[in-house]
Amino acid sequence: EMPLGYTKRDITKNGTVLGIYVKRMAVEKLPLETLKITRAEDISRSAKFVLRDDGVRRALLAHLEAADVPPAKAYPPYPHVGPNGPEIRKVRVLATQQKTLMVPVANGFADPAGNHHIAIYRQSDGKPDFEVVSLHEASRRLSASEPVVRRERGDGSVFVMSLSPGDALKFPDGEREGVRIVQGVWASGVIVTHDHTDANGSSVWRPSAGSLLSGGVRKISIDPIGRVRWAND
């Protein structure tokens, strides 16, 4: 995807330093909530971007309010910049990203596009450890003919398992006894899971790698006809 430009501005949210980056987007992809935000400091989960040009923002907001339909259905026609200006089809937007997670490229920065997997290890002293690998890094390893999942780290740690979205975990006992499905992994090592019978996300639980190991949780493999085996990866 198109690299992001760094504006050399930072903000701090919940103790995390976020860089403010700029990129181009088609106006059809901008939700109404985005057009109501005027400062990058106000970006939240409900509005992930803010338009850099306030005049363009006001023109698009007026267009959507007059159309009274979702943004994806409001174009064409496209509004113009001023009475004789060009159509507004694409805009420059500001977005916040964790600076430590952005990947430098030749002409800007790239979003690593989420996390591919977490590799969980047991160190020589018995303590758990993990490595979260982004999709960008997994793609780099694959193109370089390197193992995407590193089972050997060279520090005496023992590889236990890797977890990616869609993998299944067997919880042997306790409140969450049964099978849970991995929905994603966070850079902090949190694994997002829900019960395998959950269709609306109401059973979401986010354990750490350490809590999985201490609870005797194991990764399982389920074949197309429902047979369950230990994954042994």
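Select residues 5-26 to begin with the hairpin formed by β1 and β2, which have 2 residues between them. In the turn, N14 has a positive phi of about 55 degrees. The model is predicted, and every value in this tour is computed from it.

Next, colour the two strands separately. Strand β1 covers residues 5-13 and strand β2 covers residues 16-26. Their pairing is antiparallel and extends over 6 bridges. To follow one of these bridges, display D10 together with G19, its bridge partner in β2.

Remain on β1 and select K8, which is found in this strand. What is the phi of K8? The angle is near 65 degrees, a positive value in a residue other than glycine. Because its relative accessibility is 72%, K8 counts as exposed.

Now add strand β4, residues 90-98, to the selection. β2 and β4 pair in the antiparallel sense over 9 bridges. Two positions in β2 are convenient for checking the register. K23 stands opposite V93 in β4, and R24 has R92 as its bridge partner in β4.

With β3 (50-51) added to the display, the whole sheet can be traced. In which order do the strands of this open sheet lie? The order is β1-β2-β4-β3, with antiparallel pairing across the 4 strands. The edge strands are β1 and β3, each of which pairs on one side only. In general terms, strands of a sheet pair through backbone hydrogen bonds, in either a parallel or an antiparallel sense.

Switch to a surface view and select R24, K29, R52, K90 and R92. These residues gather in a patch of positive charge on the surface. The patch thus includes both members of the bridge pair visited above, R24 and R92. Another of its members, R52, lies in the loop between β3 and α2, the helix of residues 54-67. Is R52 buried, partly exposed or exposed? R52 counts as partly exposed because its relative accessibility is 45%.

Move to the other side of β3 along the chain and select S44, in the loop between α1 (32-35) and β3. At 35% relative accessibility, S44 counts as partly exposed; the range for this class lies between 20% and 50%. For a distance check, pick the C-alpha atoms of S44 and I88. These two residues are 44 residues apart along the chain, and their C-alpha atoms are separated by 25 Å.

Then select Y75, P76 and P77 and show the backbone as sticks. Which peptide bonds are cis here? One joins Y75 and P76, with omega about -15 degrees. Another joins P76 and P77, with omega about 5 degrees. P76 lies in the loop between α2 and β4, and P77 also lies in the loop between α2 and β4.

The last stop is S145, located in the loop between α3 (135-143) and β9 (158-163). Although S145 is not a glycine, its phi is positive, at about 60 degrees. With a relative accessible area of 68%, S145 is exposed. For a closing view, display S145 beside K8: the phi of S145 is about 60 degrees, and that of K8 is near 65 degrees.

Note on methods. Residues are numbered from 1 along each chain as its sequence is written. This is a predicted model: local features need pLDDT of at least 70, side-chain atom pairs count only at pLDDT 80 or more; totals for chains, interfaces and linings use all residues. Side-chain values use heavy atoms; hydrogens and water are left out. Patches are made of residues with over 30% relative accessible area and no salt bridge: like charges are joined within 9 Å, nonpolar side chains (Val, Leu, Ile, Met, Phe, Trp, Tyr) within 5 Å. Accessible areas come from the Shrake-Rupley method with a 1.4 Å probe; for residues, only the protein chains shown count as cover. A salt bridge is a side-chain nitrogen of Lys or Arg within 4 Å of a carboxyl oxygen of Asp or Glu. Lys and Arg count as positive and Asp and Glu as negative; His and the chain ends are not counted. The place of a charge is taken as NZ of Lys, CZ of Arg, CG of Asp or CD of Glu. Buried means under 20% relative accessible area, exposed over 50%, partly exposed in between (1.4 Å probe, protein chains only). Two strands pair if DSSP finds at least two bridges between them.
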